[in-house]
Amino acid sequence: MIKGTRLLLRPIRDADWHTVAEWGQNRDALWGQFQRFQIDHLPLLHEAYHQTGLLTRESGFLLIEALEEQRVVGFVRYTLVQFPDADFPYPEIGFGVPEASARGKGIAKEAVGLLVDYLLSGYAAERVAAFTDVENVPAQRVLEGLGFQREGVLRNASFRDGRWCDIALYGILREERKLVRARE
């Protein structure tokens with residue numbers, strides 16, 4: 001578990017699947033409006049949970065629990081990316097706050113900051129990356145607020161809502177995160 005000032009990042013538990021399943025019924029919840037909506041992913045996620053707990057060295061899925069309300073409001077995830085150098089993989093992250101009442105309160109920023117700090121302290125990686133739809137301005141604000149820099153755009157990299165969409169690549173280096181933390 002990773003504890004922040006207002007929230008806790010923790011592994012998913014059996015009792016959490018009701019909440020995750022509810023999120024999975026709404027496109028804007030679990031996967032977000034900027035993702036392809038594929039309800040078949042939820043059973044695959046549940047199956048992976050039974051095999052690994054959704055927490056391995058190579059990838060993880062953690063829930064965001066608001067401490068004051070003791071309520072799960074979102075998730076963060078990471079996957080080690082082996083491109084362009086398989087000998088030195090680095091974490092690629094994602095996040096979401098499916099509980100609409102918890103949005104716009106800085107929860108995603110705190111959760112992602114906690115995750116990034118955890119990953120940089122636990123892995124020898126020099127960078128953490130994130131991908132987001134170029135139209136997903138709220139996610140870009142979260143990333144930029146934590147010191148991530150937009151590194152480029154993958155043109156027509158995702159098919160959503162009947163059209164090809166561009167994906168922005170964001171990254172933060174270990175030293176950049178240290179500088180941001182020193183200013184906080």
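This text goes through the strand pairings and one helix pair of a predicted model.

The strands can be taken in chain order. Strand E3 covers residues 59-66 and strand E4 covers residues 71-81; the two run antiparallel and are joined by 8 bridges. Between E3 and E4 lie 4 residues, and the two strands form a hairpin. Within that turn, Gln70 has a positive phi of about 50°. Ala66 is placed opposite Arg71 of E4; Ala66 closes the range of E3, and Arg71 opens the range of E4.

E4 has a further partner in strand E5, residues 90-96. This pairing is also antiparallel, as is that of E3 with E4, and E4 and E5 are connected over 7 bridges. One position to look at here is Tyr78, which stands opposite Ile93 in E5.

The helices come next. Two packed helices are described by the angle between their axes and the distance between the axes. For helix H1 (residues 17-24) and helix H2 (residues 41-52), the axes come within 11 Å and cross at roughly 160°. Angles over 145 degrees count as roughly antiparallel, so H1 is roughly antiparallel to H2. The crossing of H1 and H2 is right-handed.

Which residues make the contact between the two helices? From H1 come Trp17, Val20, Ala21 and Gly24, and these meet Leu42, Leu45, His46 and Tyr49 of H2. By class, the residues of this contact comprise 6 nonpolar and 2 polar ones, with no charged residue. Gly counts as polar in this division, and Gly24 belongs to the H1 side of the contact.

Key
Residues are numbered from 1 along each chain as its sequence is written. This is a predicted model: local features need pLDDT of at least 70, side-chain atom pairs count only at pLDDT 80 or more; totals for chains, interfaces and linings use all residues. Side-chain values use heavy atoms; hydrogens and water are left out. Two strands pair if DSSP finds at least two bridges between them. Axes are lines fitted to C-alpha atoms, for helices over the stretch in contact, and angles run from 0 to 180 degrees between N-to-C directions. Angles under 35 degrees count as roughly parallel, over 145 as roughly antiparallel, 65 to 115 as roughly perpendicular and the rest as oblique. A crossing is left-handed if the near helix is turned anticlockwise from the far one by less than a right angle, and right-handed if clockwise. Contact means heavy atoms within 4.5 Å.
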